[in-house]
Amino acid sequence: MNDESVPKRAGSGSYVAVEDGYLESRRLKKSAGWGMLWALGVGAVISGDFFGWQYGLTAGGFGGLLIATLIAAVMYFCLVLCIAELSTALPHAGGFYSFTRSAFGPGVAYLNGVTDIIEYVVTPAVVVVGIAGYLKALVPGIPDWGWWLGFYALFVGINIRGTALTFRISLIITLLAVSALLVFFVGVLATGSFHYADALNIPPNPGQSAFLPKGLYGIFAALPFAIWFFLAIEQLPLAAEESHDVVRDMPRALILGIFTLLGLALLTLVINSAIPGGALAVAATDAPLNLGFTAAFGGKATTTVLSLISVTGLIASFHAIIYAYGRLLFALSRAGYLPRGLSVVSRYQTPHRALTVGAVVGFGMCVLISSFKANVGAALLNMAVFGSVISYVIVLIAYLKLAKSRPELPRPYKSPLGTFGAGVGLVLAVICLLATFANPDLQPGVIGTAVFIAVMFAYYWFYSRHRLVAHAPEEEIALIAEAEKELG
């Protein structure tokens, strides 16, 4: 598509010509096979087994969180099958934004992009709070902000240094994190530290059982924390432009990844909740696996070593989701939805500006929320979940729309559940969205997130929609389809 053929308008947006070589300074490098993609997907999520999920024990008790986890697993399974299909049909760095752009045009695509920004920028902030929670118990005296700043600087630097390095480190630390969990599971079971009755020691509300101490409402209230066991597996399509064979590798990595995460989630929830002190003690800590390591291995030196190893789970997610927000900001910037300067890549062919800006915002959110003396981890987690489930609702509707309006779109992989699976996932995503309002203490963060979405959409409506770039791959493929449809 040359400059003379750039359309003036498309839907709610309009396009501008860009300088020669625009895309040459905005190209990514192919560096990943299915194994690396699996590690990136599982690594992005695995911190949920180390930190965050335990807040759900307070919300719903052991039984409430267990049932909520199974509900969330069904939603994610349906979602993963749908995005596996769409990622082979529309293999671009924009991920969900790309899918929604082809289904509904630039306005809804931008909205989906903004909700993804919330998820991928806030989630590393949640995780780095968890990293500080583990490490300050082992290395006292360093303020939380020192841990936050140090980890952002280190892992943004690694992501800038090169995509191949990013994928290799992601594989290594993901395997270490899985190994730490397996050692934890075996250690607790082998040493007799597992006591199922302790998982039921949260005092029940009047008239409720020990299994469901908060009643059926507790299942609903626990959903945002159950989502934390799976949140960010959907980032994998953002790596489409850097995959060696997206048609073969992306579905394989997504499906194997969701089954890996489900197994780890159930084992973590059941075994970690049943250590001495039980669910009541686990719900009150920022380092739930540390309690289990202490119960199973006792000795301070052994527990310290294992606790340090367990931090790899948090680091794996922190590292992988920094990658994700970098690619998302890159894609939205390349297409003109965000300032175009963010999409210029470094000499290592990585979006260094996008990576840096996302880190500054995430660090600032940690500092801001901590200044209100709030539970920083729980507040940020609920904000990330709020943004993510809005994104899920939009992309599942986009899947249904494309199934009807673009049946001719080549789909090398097709979801075996088709539109039925998308419908089930959509219903569950709406329920999960409502659940983010269940905890009154966390509602201010959700409301603030909604205000951010409104401000960002105002930026689009009054400014960036008039400056879109037709050359961007996500825009070009959608514009070609729209032109073909108009021609009949």
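I take helix axes as lines fitted to C-alpha atoms over the stretch in contact, with angles running from 0 to 180 degrees between N-to-C directions. I also keep in mind that this is a predicted model.

**Entry 1: helices 7 and 14**

I started with helix 7 (residues 215–227) and helix 14 (residues 418–435), which pack at an angle of about 105° with their axes 8 Å apart. Angles of 65 to 115 degrees count as roughly perpendicular, and helix 7 and helix 14 are therefore roughly perpendicular to each other. Next I listed who meets whom. Helix 7 brings Phe220, Leu223, Pro224 and Ile227, and helix 14 answers with Ile431, Cys432, Leu434 and Ala435.

**Entry 2: helices 4 and 5**

What angle do helix 4 and helix 5 make where they pack? I found about 125° between helix 4 (residues 106–138) and helix 5 (residues 144–161), and their axes are 9 Å apart. That angle makes helix 4 oblique to helix 5. I then checked the handedness: helix 4 passes helix 5 in a right-handed crossing. On the helix 4 side I noted Val121, Pro124, Ala125, Val128, Val129, Ile131, Ala132, Leu135 and Lys136 in the contact. Helix 5 supplies Asp144, Trp147, Trp148, Phe151 and Tyr152.

**Entry 3: aromatic pairs**

How many aromatic pairs does the structure hold? I have 25 of them in my notes. One of these caught my eye: Tyr76 and Tyr392 sit edge-to-face, 5.3 Å centre to centre, with 80° between the planes. Tyr76 belongs to helix 2 (residues 55–89) and Tyr392 to helix 13 (residues 376–405), so this pair ties together parts that are 316 residues apart in sequence. Are the two partners buried or exposed? Tyr76 is buried at a relative accessible area of 0%, and Tyr392 is buried, with a value of 0%.

I looked at Phe184 and Phe185 as well. Their ring centres are 6.0 Å apart and their planes stand at 65°, so I logged the pair as edge-to-face. Phe184 is buried, with a relative accessible area of 1%, and Phe185 counts as buried at 5%.

**Entry 4: a ring cluster and an arginine**

Which residues are linked into a cluster by ring pairs? I wrote down Tyr97, Tyr110, Tyr337, Phe457, Tyr460 and Trp461. Trp461 also has a charged companion, as Arg465 lies over its face at 3.7 Å from the ring centre.

**Entry 5: helix 3**

Tyr97 led me on to helix 3, where it is one of the buried residues. Helix 3 (residues 96–104) has eight of its nine residues buried, so I describe it as largely enclosed by the rest of the structure. With Tyr97, the buried set holds Phe96, Ser98, Phe99, Thr100, Arg101, Ser102 and Ala103. I also glanced at what comes after the helix: Gly105 follows, with a positive phi near 95°.

**Entry 6: Ala89**

My last stop was Ala89, which I placed in helix 2. Ala89 has a relative accessible area of 11%. Buried means under 20%, so I count Ala89 as buried. What does Ala89 touch, leaving out residues up to four places away in sequence? I found Leu409, Pro410, Arg411 and Pro412. For a distance along the chain I took Val114, which is 25 residues from Ala89, and their C-alpha atoms are separated by 22 Å.

Technical notes: Residues are numbered from 1 along each chain as its sequence is written. This is a predicted model: local features need pLDDT of at least 70, side-chain atom pairs count only at pLDDT 80 or more; totals for chains, interfaces and linings use all residues. Side-chain values use heavy atoms; hydrogens and water are left out. Rings of Phe, Tyr and Trp (its six-membered ring) pair if their centres lie within 6.5 Å; planes under 30 degrees apart count as stacked, over 60 as edge-to-face and the rest as tilted. Helices (H or I, at least four residues) and strands (E, at least two) are DSSP runs, numbered from the N terminus. Buried means under 20% relative accessible area, exposed over 50%, partly exposed in between (1.4 Å probe, protein chains only). A charge sits over a ring if NZ of Lys or CZ of Arg is within 6 Å of the ring centre and within 35 degrees of the ring normal. Angles under 35 degrees count as roughly parallel, over 145 as roughly antiparallel, 65 to 115 as roughly perpendicular and the rest as oblique. A crossing is left-handed if the near helix is turned anticlockwise from the far one by less than a right angle, and right-handed if clockwise. Contact means heavy atoms within 4.5 Å.
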